[in-house]
Amino acid sequence: MGGQRTFVRRVGLGFLVLAVVVLGVEAWRTVTPAAALAEGSRVVDIAAHAGVLAIARRLADAGIVRSSAAFVALGVLRGSARALRAGEYEFPRGTTTLGALRLLESGKVRLHPVLHPEGATVAELARALEPQQLARAEDVARVATDPVFLRSLGIDAASLEGYVFPDTYYFTKGLTPEIVAGARQRGLSVHELLTLASIIEREAVVREELRLISAVFWNRLKLGMPLQADPTVQYAVGKERRALSRTDLATDHPFNTYVRAGLPPGPIASPGLPAIEAALDPAPVHYLYFVARDDHRHHFSATIAEHNAAVARYRLARSR
């Protein structure tokens, strides 16, 4: 019997050692850049509605991560496996598995600058968009002469020629002419659309809340209320994703949406396509307020009384 127990202990110890080795290998894979990223940066498209398993396989196939299993496990441990954002991402040289996961958690998709200089025509702008695969030149030309689209902008002309202000514009992949047209119909420039979408992106954690958060901001804009979005203040005072003080909230800064009504001067982050679409299609609700219930979701309210009660309730819950 003693020999049997010794044998069982040895087998158990062997399995334990093997498990530790396997876990150690997987941990090493998460903190060591894949071979492809040791050479330089890489760009990868993450499809909309892709699950964490599909995303992990896509990243492994592209040489971004060493192990798809390690990527999935890390996403589950961090609680972000179901909250990864679609879009086109550029993974810098030396990015680890954790770094790749954080990038997809943040939604900081790749921005494409397109210069529309003085003297350039709409046709030239269309041809500048096509090589970056942002839009087909023929689609841009079609929208630029679409009577319904032009009327929605209040342009009494046969085309957009002369109405596109010379500037450098920033586009994300998936920002089609239809999306641009939708922005114009809502009275937004592309710059304003990306600005609003960037705030929605930074406020939302789960995709299901994008349109609800968009609705809150649209409802406030319509009423002339300040957006009071914490991420804009964090951007203004340089406290990215950190708690704000009363002094921070009172800081007089163009990006502080607590003290300035309307949209800030520009984007505060890179919005993903889902956030851009949410900015154009807010949920049909009357909410004006929201407060964090936990690290992922928010409680939405239509009145200040409801909101204050929710704030008190969740503060009490966190203090316990």
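## A walk through the model, starting from a cavity

Start with the largest cavity, which has a volume of about 30 Å³. Keep in mind that you're looking at a predicted model. A search of the whole structure turns up one cavity of 30 Å³ or more.

To find the spot, select Arg85, Glu201, Arg207, Leu210, Pro274 and Ala275, the residues that line the largest cavity. What classes of residue make up that lining? Three are nonpolar, three are charged, and no polar residue takes part.

**Next stop: the big core**

Now for the greasy part. In soluble globular proteins, nonpolar side chains tend to be buried together. Here the largest nonpolar core has 48 residues, and Leu160, Leu193 and Phe217 have the most contacts inside it. Colour the elements that each supply at least two residues of this core: helices H6 (122-129), H7 (137-144), H8 (147-152), H9 (177-185), H10 (190-203), H11 (210-223) and H14 (273-280), plus strand E4 (167-171). Which of them gives the most? H10 does, with seven residues.

Zoom in on Phe217 and show its neighbours. Leaving out residues up to four places away in sequence, Phe217 touches Leu196, Ile199, Ile200, Glu203, Leu227, Ala229 and Phe290. Apart from the 48-residue core lies another core, of 22 residues; select Leu37, Ile46, Tyr89 and Leu101 to see some of its members.

**A quick look at H9**

Go back to H9 and pick out Pro177, Ile179, Val180, Ala181, Gly182 and Ala183: these residues of the helix are buried. Then step just past the end of H9 to Gly187, where the backbone takes a positive phi of about 80°.

**On to the charged pairs**

Side chains of opposite charge can pair when their charged atoms come close. With a nitrogen-to-oxygen cut-off of 4 Å, the model has 11 salt bridges. Three of them make good stops.

First, select Glu105 and Arg78. Their closest N and O atoms are 2.9 Å apart. This bridge links distant parts of the chain, with Glu105 in helix H5 (residues 97-106), Arg78 in helix H4 (residues 68-78), and their positions 27 residues apart in sequence. Is Glu105 buried or exposed? Its relative accessibility is 19%, so Glu105 counts as buried. Its partner Arg78 is partly exposed, with a relative accessible area of 36%.

Second, move to Arg136 and Glu138, whose closest N and O atoms are 3.6 Å apart. Arg136 is partly exposed at a relative accessible area of 46%, while Glu138 is exposed at 54%. Add Asp139 and Arg142 to your selection, and you have a network of salt bridges linking Arg136, Glu138, Asp139 and Arg142.

Third, pick Glu208 and Arg297, a salt bridge with its closest N and O atoms 3.7 Å apart. Where do the two partners sit? Glu208 is in the loop between H10 and H11, and Arg297 is in the loop between strand E5 (289-292) and strand E6 (298-301), so to connect them you cross distant parts of the chain, 89 residues apart. Glu208 counts as exposed at 54% relative accessibility, and Arg297 is partly exposed, with a relative accessible area of 32%.

Key
Residues are numbered from 1 along each chain as its sequence is written. This is a predicted model: local features need pLDDT of at least 70, side-chain atom pairs count only at pLDDT 80 or more; totals for chains, interfaces and linings use all residues. Side-chain values use heavy atoms; hydrogens and water are left out. A nonpolar core is a set of buried Ala, Val, Leu, Ile, Met, Phe, Trp, Tyr and Cys residues joined through side-chain atoms within 4.5 Å. Buried means under 20% relative accessible area, exposed over 50%, partly exposed in between (1.4 Å probe, protein chains only). Helices (H or I, at least four residues) and strands (E, at least two) are DSSP runs, numbered from the N terminus. Contact means heavy atoms within 4.5 Å. A salt bridge is a side-chain nitrogen of Lys or Arg within 4 Å of a carboxyl oxygen of Asp or Glu. On a 1 Å grid over the protein atoms alone, a cavity is a set of points where a 1.4 Å probe fits but cannot get out, and a pocket is an open set with protein on both sides within 12 Å along at least five of seven lines; lining residues have an atom within 4 Å of a point. Grid points are joined across faces, edges and corners, and a volume is the space filled by probe spheres set on the points. Ala, Val, Leu, Ile, Met, Phe, Trp, Tyr, Cys and Pro count as nonpolar, Asp, Glu, Lys and Arg as charged, and the others, Gly among them, as polar.
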